[in-house]
Amino acid sequence: MSESVEQPELEAPPGEVTAELAEDMQIATGTREPILESAGVSMVFGGLRALNEVTFSLKEGEIIGLIGPNGAGKTTFFNCLTGLYTPTSGSVTLRGAPMPQDPARVTEAGVARTFQNIRLFPSMTATENVLVGRHVRMKQGPVSSLLHGPRFRRSEAEAHDRAEKLLAFVGLTRFADELARNLPYGDQRRLEIARALATDPSVLLLDEPTAGMNAQETEATRQLIFAIRDLGVSVVVIEHDTKFIFTLCDRVLVLVQGELLVEGSPDEVRGDPRVVEAYLGAPPDEVEAQIHAGEES
Ligand SMILES: Nc1ncnc2c1ncn2[C@@H]1O[C@H](COP(=O)(O)OP(=O)(O)O)[C@@H](O)[C@H]1O
Ligand SMILES: [Mg+2]
């Protein structure tokens with residue numbers, strides 16, 4: 001963790017900004033229609049079958065958890081969903097239309113993600129990092145930026161206003177003018193989420209958002225993801241922390257060696273003997289302890 005910025009108390013969980021942001025982002029909510037789907041997605045690297053016929057459906061307003069041992073294919077699945085990888089076979093659709101095979105166009109279509117390994121611009125401020133996300137949504141091209149006409153200034157003002165609200169939403173207002181690299185690790189993860197939200201996504205994919213966080217930061221992130229869902233964004237979360245997943249998600253998918261082993265509500269997944277048996281390949285007692293860890297809270 002960086003020493004250059006002292007770490008005060010976590011800011012209060014997002015409150016009234018949520019309603020205002022939801023209005024700004026104008027996301028259609030509450031239909032419970034499938035929004036992001038995969039059908040029989042397989043991904044083969046050389047001789048390795050990283051994904052085998054993965055079929056899933058994310059509904060509007062839903063939070064889905066994706067768990068499974070290291071190397072199960074979770075990140076590969078996100079890469080297939082977001083156009084970084086073209087699946088060897090199978091299809092990915094967004095509201096029934098084929099997903100573009102190009103990450104920039106996937107973003108435009110309304111799918112945003114964060115990365116297992118944080119990808120911020122370390123020498124830019126927190127605000128500037130969010131503005132980078134915002135700019136994919138702005139119509140002003142480089143020529144108009146050079147001319148700095150009134151329309152440019154208006155959309156710049158709008159972008160700054162949104163960046164400010166998003167930083168408040170994720171609890172990082174105090175770091176607005178701080179370089180990203182000076183932020184504590186957990187706050188860098190939150191900043192990445194703010195940048196992803198700046199693209200006005202309908203779907204947000206989070207790859208291990210609480211990796212490296214302490215218990216307090218993990219809980220703040222859980223509340224943040226609920227608030228993101230309340231904005232009208234549908235969410236898929238990869239995490240190792242089963243307590244976190246079981247207390248956050250509407251549905252949980254268990255991926256083992258590229259195959260979807262089990263799918264169901266947190267209670268169904270927690271009680272499934274196949275999960276207890278296969279999850280992490282750890283000794284049964286340890287798996288039991290890990291799988292039931294979520295029950296205490
Ligand atoms: N670009 C790639 N080239 C070759 N193998 C890859 C590539 N990406 C992932 N893999 C392999 O696919 C498997 C699944 O990896 P990954 O999706 O990162 O798993 P997880 O995120 O569940 O830990 C691993 O065996 C990994 O080495
Ligand atoms: Mg991964």
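This is a tour of a predicted model, moving from its central sheet to its cores, a metal site and a few individual residues.

Because the model is predicted, local features are given only where pLDDT is at least 70 and side-chain atom pairs only at pLDDT 80 or more, whereas totals for chains, interfaces and linings use all residues. Residues are numbered from 1 along each chain as its sequence is written, chains are lettered from A and ligands numbered from 1 in the order in which they are written, and side-chain values use heavy atoms, with hydrogens and water left out.

**The sheet**

Begin by selecting the strands of the open sheet, six in number, which follow the order β6-β7-β8-β3-β9-β10 with mixed pairing. Strands here are DSSP runs of E with at least two residues, and helices are runs of H or I with at least four, both numbered from the N terminus; two strands count as paired if DSSP finds at least two bridges between them. At the edges stand β6 and β10 (259-264), each with a single partner strand, so one side of each has no neighbour in the sheet. From one strand to the next, the twist averages 20°.

Next, select β3 (residues 63-67), which runs parallel to β9 (residues 251-256) and is joined to it by four bridges. Four bridges also join β3 to β8, again in parallel. If you centre on Ile 64, you will find Arg 251 of β9 opposite it, while its bridge partner in β8 is Val 236. Further along, Ile 67 stands opposite Val 254 in β9.

How many of the five residues of β3 are buried? Five of the five are, so the strand is largely enclosed by the rest of the structure; buried means a relative accessible area under 20%, exposed means over 50%, and partly exposed lies in between (1.4 Å probe, protein chains only). Showing the side chains separates Ile 63, Gly 65 and Ile 67, which point one way from the strand, from Ile 64 and Leu 66, which point the other way.

**Helix α2 and the magnesium ion**

Now add helix α2 (residues 74-81), which packs on the sheet and touches β3, β6, β7 (203-207), β8 (234-238) and β9, contact being taken as heavy atoms within 4.5 Å. The direction of α2 makes about 150° with that of β7, where axes are lines fitted to C-alpha atoms, for helices over the stretch in contact, and angles run from 0 to 180 degrees between N-to-C directions. Seven of the eight residues of α2 are buried, among them Phe 77, Phe 78 and Leu 81. After the helix comes Gly 83, whose phi is positive, near 80°.

Select ligand 2, the magnesium ion, whose protein donors are Thr 75 (OG1) and Gln 116 (OE1), lying 2.1 to 2.2 Å from it. Donors are N, O and S atoms within 2.8 Å of the metal (3.2 Å for Na, K and Ca), and since water is not among the atoms, sites may look incomplete. The two residues are 41 apart and link distant parts of the chain, Thr 75 being in α2 and Gln 116 in the loop between β6 (111-113) and α4 (126-135). Thr 75 is partly exposed at 26% relative accessible area, and Gln 116 is likewise partly exposed at 29%.

**The nonpolar cores**

A nonpolar core is a set of buried Ala, Val, Leu, Ile, Met, Phe, Trp, Tyr and Cys residues joined through side-chain atoms within 4.5 Å. The largest has 48 residues, and those with the most contacts inside it are Phe 169, Leu 191, Leu 204, Ile 228 and Val 237. Leaving aside residues up to four places away in sequence, Val 237 touches ten residues' worth of surroundings that include Ile 63, Leu 206, Ile 225 and Phe 244. A second, separate core of 26 residues includes Val 54, Leu 66, Ile 238 and Leu 253.

Leu 191 leads to helix α7 (residues 185-197), where 12 of the 13 residues are buried. This helix reaches 19 Å from its first C-alpha to its last, close to the 18 Å expected at 1.5 Å times one less than its number of residues.

**Individual residues**

Finish with Glu 53 in strand β2 (residues 48-59), where phi is near 55°, a positive value in a residue other than glycine. Glu 53 is exposed, at 53%. Glu 208, in the loop between β7 and α8 (215-230), also has a positive phi of about 55°, but Glu 208 is buried, at 9%.
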